[in-house]
Amino acid sequence: MKKNTIKSILLTTSLTIGISFSVSGDAYAATYKTVSGDSLYKISRLFNTTVGKLMDDNYLRNYNLSIGQELYVPCQIYSVQKGDTLYLISKKFNIELSDLRRANNIYTNYIDIGQVLNIPKTFAAPAAQPAAPQNPAPAQTVTEVSNPVVEPAKVVEQTAAVPEAATVTASYTAEDLDILSRLIMAEAQGQPYEAQVAVGAVVMNRVESNLWPNTIKDVVYHYIGGYYQFTPVQTGWINNPANAQAIQAAKEALNGADPTNGAMFYYDNTTTNQWILSKQVAFKSGAMIYAY
């Protein structure tokens, strides 16, 4: 058999295997191209993974992204067949049409036969692990957000690696960012990144609720019934400057990120406070627990 014929057979076989692979949707190394407003946190939520895993898989050393940057993401891929529409594909894989559009940056109804699409949220995210402290500092004691008439519980502070910050796109002031960042630093330094975003989200949820003040500053410094709602205000830890990771987490919360889905309280996993323990749990990350 001639060499050219053998090469042709091998090439045809390889192409056939590749097409079957994309149709079956068993790829773990799909690519996603970033758009304006993206962040690693938002992308991790879309593809059901974690910020840390995205950074590891893409050899990233900070949180900064460029528009049009290609990232490896953990998801299935699917090759468009005759008769397919985005709506039918979303139903086939039991995902939201909006998620399918976002995962592929497609906002029209036009798709081509053979076009390869990312299918998000089809793999379970790995369990988040607490960040290992790198520059140990004297531990402090802070409290969970609590009802004013209930004695608060305790959270032990640690330290964590410092990433670079991103850009705020929401309409909040520099003072809002500074206050929220310092609270996150005091309450959740050393906890997983998602836990830090969640602290900021609790504050934002309170701002939006008619049960608490309607500004970030007033929520953070809220004093009622003889208690500050956030113990770092009482202890003075709120006055310590935030590191880059806390600033980044605050920006995520200011931009609407909320891993808790609307939680109003948080505490740590050593608390024995029965009032806070009676609350419905919304989200857990590291040593932190968030509740409605």
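Which residues are buried in H10? In this predicted model, they are Ala244, Gln245, Ala246, Gln248, Ala249, Ala250, Lys251, Glu252, Ala253 and Leu254. Helix H10 spans residues 244-254, and with 10 of its 11 residues buried it is mostly covered. The cover over these buried residues includes helix H2 (40-46), along with H6, H7 and H8. The two ends of the helix are also worth a look. At its start, a side-chain oxygen of Asn243 comes to within 3.2 Å of the backbone nitrogen of Gln245. Just after H10, Gly256 adopts a positive phi of about 105°.

From H10, it is a short step to Leu180, a residue of helix H6 (residues 174-188). Leaving out residues up to four places away in sequence, Leu180 touches Ala250, Ala253 and Leu254, and also Gly200, Val203, Met204 and Ile216. Leu180 has a relative accessible area of 0% and therefore counts as buried, the cut-off being under 20%. Its C-alpha atom is separated by 9.7 Å from that of Ala201, a residue 21 places away along the chain.

Leu180 also belongs to a wider group. The largest nonpolar core has 57 residues, and those touching the most other members are Leu180, Val203, Ile216 and Tyr290. The element that gives the most to this core is helix H7 (residues 193-208), which supplies nine residues. Another core, of 11 residues, lies apart from it and has Tyr78, Ile89, Phe93 and Leu117 among its members.

Tyr290 offers a second view of the largest core. Neighbours within four places in sequence aside, Tyr290 is in contact with Ala195, Ala198, Val199 and Val202, among others. Further contacts of Tyr290 include Thr260, Ala263, Phe265 and Tyr266, as well as Gln280, Val281, Ala282 and Phe283.

How far can each part of the picture be trusted? For the protein, the mean pLDDT is 77, and 73% of the residues reach 70 or more. Confidence is highest in helix H8 (residues 216-220), with a mean of 96, and lowest in strand E6 (residues 155-156), with a mean of 33. Over residues 2-27 the pLDDT is below 50, and this stretch has 18 contacts in the model beyond near neighbours in sequence. Residues 124-169 likewise stay under 50, and for them the model has 121 contacts beyond four places in sequence.

How values were computed. Residues numbered from 1 in each chain as written. Predicted model: local features only at pLDDT ≥ 70, side-chain atom pairs only at ≥ 80, totals over all residues. Heavy atoms only, no water. Core = buried A, V, L, I, M, F, W, Y, C linked by side-chain atoms within 4.5 Å. Buried < 20%, exposed > 50% of the residue type's maximum accessible area, 1.4 Å probe, protein only. Helix = DSSP H or I, 4+ residues; strand = E, 2+ residues; numbered from the N terminus. Contact = heavy atoms within 4.5 Å. pLDDT = per-residue confidence, 0-100. Polar contact = N/O pair within 3.5 Å; in protein donor to acceptor, adjacent residues only side chain to side chain.
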